[in-house]
Amino acid sequence: MSYENAIKIFEQADNLRGMGVSFGNIAYIFQKQDQEVDAMLYYDTAMYYLDQAEDIFYLENIYANLSELHHKADRLDEAYAYLLKYQEIRDSISSDEVLR
């Protein structure tokens, strides 16, 4: 099954998290193939669905990947901004685990 097929199934099931994860996986593939524009488009879409699903765990990965993508393109301000978002989620997850 391809990611595109998975997205269709998740869309029919109104599964926002599944759609976000699938778009994020496609973005990561484009990122590893140095297809920055396509990666950015898919990451943007993934962030939209993950925000809607309130899935901070996978959103954390997206922010880390976007930081890496911008760093590689020498856009250090953007890389740092995504790194801060990643760290904010990482810290909140760590705090939640300590409180349990």
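**Close-up A. Asp34 and Lys72 pair up out in the open.** Asp34 and Lys72 are both exposed (over 50% relative accessible area, with buried meaning under 20% and partly exposed in between, using a 1.4 Å probe and protein chains only). Their side chains meet in a salt bridge, 2.5 Å from N to O; the term here means a side-chain nitrogen of Lys or Arg within 4 Å of a carboxyl oxygen of Asp or Glu. Asp34 sits in the loop between H2 and H3 while Lys72 belongs to helix H4, so the contact ties together parts that are 38 residues apart in sequence. Helices here are DSSP runs (H or I, at least four residues) and strands likewise (E, at least two), numbered from the N terminus. Asp34 also takes a positive phi of about 60°, just after H2.

A word on the model: it is predicted, so local features need pLDDT of at least 70 and side-chain atom pairs count only at pLDDT 80 or more, whereas totals for chains, interfaces and linings use all residues. Residues are numbered from 1 along each chain as its sequence is written, and side-chain values use heavy atoms, with hydrogens and water left out.

**Close-up B. Arg75 and Glu36 make another salt bridge.** The side chains of Arg75 and Glu36 come together at 2.5 Å, N to O. Arg75 is in the loop between H4 and H5 and Glu36 is in helix H3, so this pair ties together parts that are 39 residues apart in sequence. Arg75 is partly exposed, at a relative accessible area of 25%. Glu36 is partly exposed too, at 31%.

**Close-up C. Lys32 reaches Glu68.** The structure holds five salt bridges, and here is one of them: Lys32 with Glu68, their closest N and O atoms 3.1 Å apart. This one links distant parts of the chain, with Lys32 in helix H2, Glu68 in helix H4, and their positions 36 residues apart. Lys32 has 46% relative accessibility and counts as partly exposed. Glu68, with a relative accessible area of 39%, is partly exposed as well. In general, side chains of opposite charge can pair when their charged atoms come close.

**Close-up D. Helix H2, end to end.** H2 covers residues 16–32, and at 1.5 Å a residue its 17 residues should span 24 Å; the end C-alpha atoms are 24 Å apart, which agrees. (The expected span is 1.5 Å times one less than the number of residues.) At the start of the helix, a side-chain oxygen of Asn15 comes to within 3.3 Å of the backbone nitrogen of Arg17. The buried residues of H2 include Met19, Val21, Phe23, Ile26 and Phe30. What do the buried residues of H2 pack against? Their partners are helix H1 (3–12), helix H3 (36–53) and helix H4 (56–72).

**Close-up E. Inside the largest nonpolar core.** A nonpolar core is a set of buried Ala, Val, Leu, Ile, Met, Phe, Trp, Tyr and Cys residues joined through side-chain atoms within 4.5 Å. The largest one has 23 residues, and those touching the most other members are Tyr43, Met47, Leu50, Leu59, Ile62, Tyr63 and Leu66. H2, H3, H4 and helix H5 (76–99) are the elements that give two or more residues to this core. H3 gives the most, with seven residues. Zoom in on Ile62 and you find Gly24, Tyr43, Ala46, Met47 and Leu50 touching this residue, not counting residues up to four places away in sequence; contact means heavy atoms within 4.5 Å.

**Close-up F. Asn65, tucked into helix H4.** Asn65 is found in helix H4, and its relative accessible area of 16% makes this residue buried. Leaving aside neighbours within four places in sequence, Asn65 is in contact with Tyr28, Gln31 and Tyr43.

**Close-up G. Glu60 meets Ile93.** Glu60 is in helix H4 and Ile93 in helix H5. Buried or exposed: which is Glu60? Glu60 counts as buried, at 5% relative accessibility. Ile93 is buried too, at 8%. Their C-alpha atoms are separated by 9.9 Å, with the two residues 33 apart along the chain. Not counting residues up to four places away in sequence, Glu60 touches Tyr86, Ile89, Arg90 and Ile93. By the same count, Ile93 touches Ile56, Phe57 and Glu60. Gln12 is another matter: Glu60 and Gln12 are 48 residues apart in sequence and 26 Å apart in space, C-alpha to C-alpha.

Definitions and conventions:
Polar contact = N/O pair within 3.5 Å; in protein donor to acceptor, adjacent residues only side chain to side chain.
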